[in-house]
Structure formats: C-alpha cells, structure tokens
Amino acid sequence: MLSLRSLTLAPLLAASLLLVTACASRERVTLIYPPSADLAVEAKPIMPAEAVRSEAAGIAHDIAVEGWGERGWDAVGRLCRWAADNGMKGLSCPPPPELPPRPG
C-alpha cells in the first residue's frame, strides 16, 4: 500500500522533471544575418547623353557598368557562402577573394 507521503511526492517529482526538460531543451539561438549591404539593390549606371558624342564618357560608363556587375556578383558570392555556412545544402559558392598581403 502506498503511503500518503509517496502520493504527495509523485506529482511534485513529475512537475520538477518537466521543468528540467523544458529548461534543457530551450537553447539560445543567435541568428546571424548577412550584411545589409548585400541585400540592398544597387541601381545600374545610366548612360549619360554625352557618351554618344564622347569616347571618354562612353569608356567611363563601361567602367561604371563593369564595376556595378562585379559588386553585384561579389554580393551573390557572400550570400552564397553565408547560406552554406548556415546549413544550406547543394550550393556551389565561389571562394572568397584573396586578401592582399599585410605590409611588414
């Protein structure tokens, strides 16, 4: 026959086990997002009217468009590596750019 003491302790024991498992399963998840600059859309450079008459202005526009494209693909590469680092499967990301050697 169960004693009154064991009948009183059983619900307390069950409640304490529920609290312990709830605390153990609650992890602090720190969300890491990509840089906000990588999510901003940069407008494509517009060809100025003088580019039709001036070769120098046309070349400057070509250089601006080339730089715009490079910055866009660099951002895509950073986002791809961020997604891969955060567990996304099936990606083929470009390697990060090599840093220039430090002086000294």
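Which helix supplies the largest share of the lining of the largest pocket? In this predicted model, that share comes from α3, which contributes five residues. The legends below describe the pocket and the salt bridges of the structure.

**View 1. The largest pocket and its lining residues.** The largest pocket of the predicted model has a volume of about 200 Å³. Its lining consists of A37, D38, A40, V41, E42, W68, G69, R71, G72 and A75. Two helices, α2 (36-39) and α3 (55-85), each provide at least two of the lining residues, and the largest share, five residues, belongs to α3. Sorted by class, the lining comprises five nonpolar, two polar and three charged residues.

**View 2. D38 in helix α2 and its contacts.** D38 is part of helix α2 and is among the residues that line the largest pocket. Its relative accessibility is 9%; because buried means under 20% relative accessible area, D38 counts as buried. When residues up to four places away in sequence are left aside, D38 touches A75, R78 and L79. Of these contacts, A75 is also one of the residues lining the largest pocket.

**View 3. The salt bridge between R78 and D38.** Two salt bridges are found in a search of the whole structure. One of them joins R78 to D38, with the closest N and O atoms 2.6 Å apart. This pair links distant parts of the chain, as R78 lies in helix α3 and D38 in helix α2, 40 residues apart. The partners are assigned to separate exposure classes: R78 has a relative accessible area of 38% and is therefore partly exposed, whereas D38, at 9%, counts as buried.

**View 4. The salt bridge between E42 and R71.** E42 and R71 form a salt bridge in which the closest N and O atoms are 2.7 Å apart. Here too the pair links distant parts of the chain: E42 is located in the loop between α2 and α3, R71 is located in helix α3, and 29 residues separate them. E42 is partly exposed, with a relative accessible area of 39%. R71 likewise counts as partly exposed, at 41% relative accessibility. Both E42 and R71 appear in the lining of the largest pocket.

Methods
Residues are numbered from 1 along each chain as its sequence is written. This is a predicted model: local features need pLDDT of at least 70, side-chain atom pairs count only at pLDDT 80 or more; totals for chains, interfaces and linings use all residues. Side-chain values use heavy atoms; hydrogens and water are left out. On a 1 Å grid over the protein atoms alone, a cavity is a set of points where a 1.4 Å probe fits but cannot get out, and a pocket is an open set with protein on both sides within 12 Å along at least five of seven lines; lining residues have an atom within 4 Å of a point. Grid points are joined across faces, edges and corners, and a volume is the space filled by probe spheres set on the points. Helices (H or I, at least four residues) and strands (E, at least two) are DSSP runs, numbered from the N terminus. Ala, Val, Leu, Ile, Met, Phe, Trp, Tyr, Cys and Pro count as nonpolar, Asp, Glu, Lys and Arg as charged, and the others, Gly among them, as polar. Buried means under 20% relative accessible area, exposed over 50%, partly exposed in between (1.4 Å probe, protein chains only). Contact means heavy atoms within 4.5 Å. A salt bridge is a side-chain nitrogen of Lys or Arg within 4 Å of a carboxyl oxygen of Asp or Glu.
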